[in-house]
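Open your viewer, pour a coffee and follow along. At each stop you will get something to select and a short note on what to look for.

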Amino acid sequence: MALTTAATAAAVSLHPLLTRPACVLRFGRRLPPHLLRATSSISSAPDFNITFAEPAPAKKASSPAPSAQPLVPWIVRGEDGKPRLSTSPPPEVLQAIALAEAEAKKAAKKESLKGQKGAVAAAAASSAGVKAKERKAAPAAPPKFSKAARRFYNENIKESEPQRLAKVLAAAGVASRRTSEELIFQGKVTVNGAVCTSPQTKVDISKDSIYVNGNRISKKLPPKLYFAVNKPKGYICSCGEESKSVVSLFSDYLKGWNKIQPGLPKPRLFTVGRLDVATSGLIIVTNDGEFAQKLAHPSSNVTKEYVVTIDGAVHKKHLIAISEGTKIDGVMCVPDLVEPLAESDTRKTRLKIVVHEGRNHEVRELVQNAGLKVYALKRVRIGRFRLPADLGIGKFVELKQADIKALEGNN
C-alpha cells in the first residue's frame, strides 16, 4: 500500500499538467481518453481533490457591420467595342430614367389641372343654374318688336352677303331665274355702268347699281311671301298674264301693294309645282324660289293627299290595281295609301289616294290604269298642311311660319 502511494506521488511530480483541470489544456482542448482514465483513477485516491471546471463558452461570430448601398456592376461597351464593367449606369439608361420621371410629373400635373377645371366647371354650372332660376323668377319683359317685324328686318333691311346676279334679278321680281339668265346673256343687264354677261357675277343690291333694259332695280328686295290657294277648276298654273291663271287671282292684292308695303318693289309670284287645268284644291304660291324648288322636287318625298271622285262603282280588284302602281315617264310610281271614303252618292265613289312622287298627272294615271274613269280630282293636303275647310274656291290665305314648316313635313 505504501509503495502504491509513493508511485502515484512520483507520477504526479513527473506530470505537471495534471495540476490544471483534468479536462482542459492550455489551448482549451480536451485531454485524450487514456489521460482521462488515468486522471480518474488518480482522483479516486483520498489524497487528491480534483475538480473539473465548466468549459469556457465559445465566442459568437460577430455580425458584419452594415455596409453602404451594394455596388451594382454595369456591363457597358467601351469605345473599342468591347464590353467592360462599370460602377455607373450608361448615359442612355440615365436619360431614359430622366424622361420617365418627366412624363410622370406631366401626367400628375394634367390630372391636377383636370380636377381644377372640373371644379371650376361645376362651380360655373351651379352659378348658371342660380342665374337661370333668377331669370325664371324675374318677369320677362315684352319684346320691343313683334316676331314678324324682326323677321322682315332680317330678310330685307339687314345687310346680306353678295349673291349671284341671276338670283338677285329673280328675287327683285324682274323675271324667273331662267329668264333672268337669258337677259344677262343677251347683254341687257348692266352692273355699275358696265354690261354684265355672266349670271354668276356676285352683286350686292344695296350697294351696286343694276339696270335691266334701261330700268334701274330697286335697292330693296320684296319680302318673302307664302300663300295657300284653293285653286278653282279650269285655272292653269302659269306665271303669264293669262286671265285664268292662278297668279291672276292676286291681281287685286298686287294693285294695292304700294299701300301695303310702301317703298318696296312688287313681288313676282309663281306656283309651287302644278295642278292640271281640270284639278282643283290646294296649291302654294310664293316668291321664294329655293323654297319652291325644295318643296316641288320629287326627292323631297313630301306627301300629297288627293280625293278622287270615280264615275261608277269601285271594286276590290280596282283598289288592288291602283295600289300596285304604274309606270309614268319610265318611272314606277306606287301610291302610299289607297282608301275608299264614305259614299254620299250611290252613283259616285270617292277614294283617298296619297302619293309622294309628284309626277305629272300621277293620280289620274294610277286611276285610269286600274280601268276607272276620273270624274273629279281635288288635292286637300301637302305635307302636314291641310287645305282650310273655310277657304272658298278661288281664295287665298297668307301662311304663317308654323304652316310653312308643316308643308315640309309628313304625317
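The tour below goes from strands to salt bridges, then to aromatic rings and a few single residues. Keep in mind throughout that this is a predicted model.

**Stop 1: strand E17 and its partners**

Start by selecting residues 374-382, which make up strand E17. Add residues 279-286, strand E11: E11 and E17 run parallel and are joined by three bridges. To find one place where they meet, click on Thr279, whose bridge partner in E17 is Leu377.

Now bring in strand E12, residues 304-311. E12 runs antiparallel to E17, with seven bridges between them. Here a good pair to display is Thr309 and Ala376, which stand opposite each other.

The third partner is strand E18, residues 385-386, which runs antiparallel to E17 and is joined to it by two bridges. Arg381 of E17 stands opposite Arg386 in E18. The hairpin of E17 and E18 has two residues between the strands, and Gly383 there takes a positive phi near 65°. While you have strands on screen, remember a general point: in a regular strand the side chains alternate between the two faces of the sheet.

**Stop 2: charges around E18**

Stay where you are and show the side chains of Glu305, Arg381 and Arg386, which are linked in a network of salt bridges. Zoom in on Glu305 and Arg386: their closest N and O atoms are 3.1 Å apart. The pair links distant parts of the chain, with Glu305 in strand E12 and Arg386 in strand E18, 81 residues apart. Which of the two is buried, and which is partly exposed? Glu305 counts as buried, at 7% relative accessibility, while Arg386 counts as partly exposed, at 43%.

**Stop 3: helix H11**

Next, select residues 362-369, helix H11. Its buried residues are Glu362, Val363, Arg364, Leu366 and Val367. Arg364, at 16% relative accessibility, deserves a closer look: show its side chain together with that of Asp276, and you will see them meet in a salt bridge of 3.3 Å, N to O. Asp276 lies in the loop between strands E10 and E11, 88 residues away from Arg364. Then step past the end of the helix to Gly371, which follows H11 and has a positive phi near 85°.

**Stop 4: two helices tied by a salt bridge**

How many salt bridges does a search of the whole structure find? The search finds six. For another of these contacts, select Glu290 and Lys167, whose closest N and O atoms are 2.5 Å apart. Glu290 lies in helix H9 (residues 289-296) and Lys167 in helix H5 (residues 165-171), so the pair ties together parts that are 123 residues apart in sequence. Glu290 is partly exposed, at 48% relative accessible area, and Lys167 is partly exposed too, at 23%.

While you are in H5, click on Leu165. Leu165 is buried, with a relative accessible area of 0%. Draw a distance from its C-alpha atom to that of Val191, 26 residues apart along the chain, and the viewer should give 9.2 Å.

**Stop 5: the aromatic cluster**

Select Phe227, Phe250, Tyr253, Trp257 and Phe396, which form one aromatic cluster. The structure holds eight aromatic pairs. One to examine is Phe227 with Tyr253: the ring centres are 5.5 Å apart and the planes are at 75°, so the pair is edge-to-face. Phe227 sits in strand E9 (residues 226-231) and Tyr253 in helix H7 (residues 251-255), 26 residues apart. Both Phe227 and Tyr253 are buried.

For another view of a ring, go to Tyr375 and show Lys348 as well. Lys348 lies over the face of Tyr375, at 4.7 Å from the ring centre.

**Stop 6: a buried aspartate**

Finish at Asp204, in the loop between strand E6 (202-203) and strand E7 (210-212). What is the nearest side chain of opposite charge to Asp204? That side chain is Lys207, 4.2 Å away, and Asp204 is buried yet has no salt bridge. Show Ser206 too: a polar contact of 2.8 Å joins its side chain to that of Asp204.

Conventions:
Residues numbered from 1 in each chain as written. Predicted model: local features only at pLDDT ≥ 70, side-chain atom pairs only at ≥ 80, totals over all residues. Heavy atoms only, no water. Buried < 20%, exposed > 50% of the residue type's maximum accessible area, 1.4 Å probe, protein only. Helix = DSSP H or I, 4+ residues; strand = E, 2+ residues; numbered from the N terminus. Phe/Tyr/Trp six-rings, centres within 6.5 Å; stacked < 30°, edge-to-face > 60°. Lys NZ or Arg CZ within 6 Å of the ring centre and 35° of its normal. Pairing = 2+ DSSP bridges. Lys, Arg positive; Asp, Glu negative; His and termini not counted. Salt bridge = Lys/Arg side-chain N within 4 Å of Asp/Glu carboxyl O. Polar contact = N/O pair within 3.5 Å; in protein donor to acceptor, adjacent residues only side chain to side chain.
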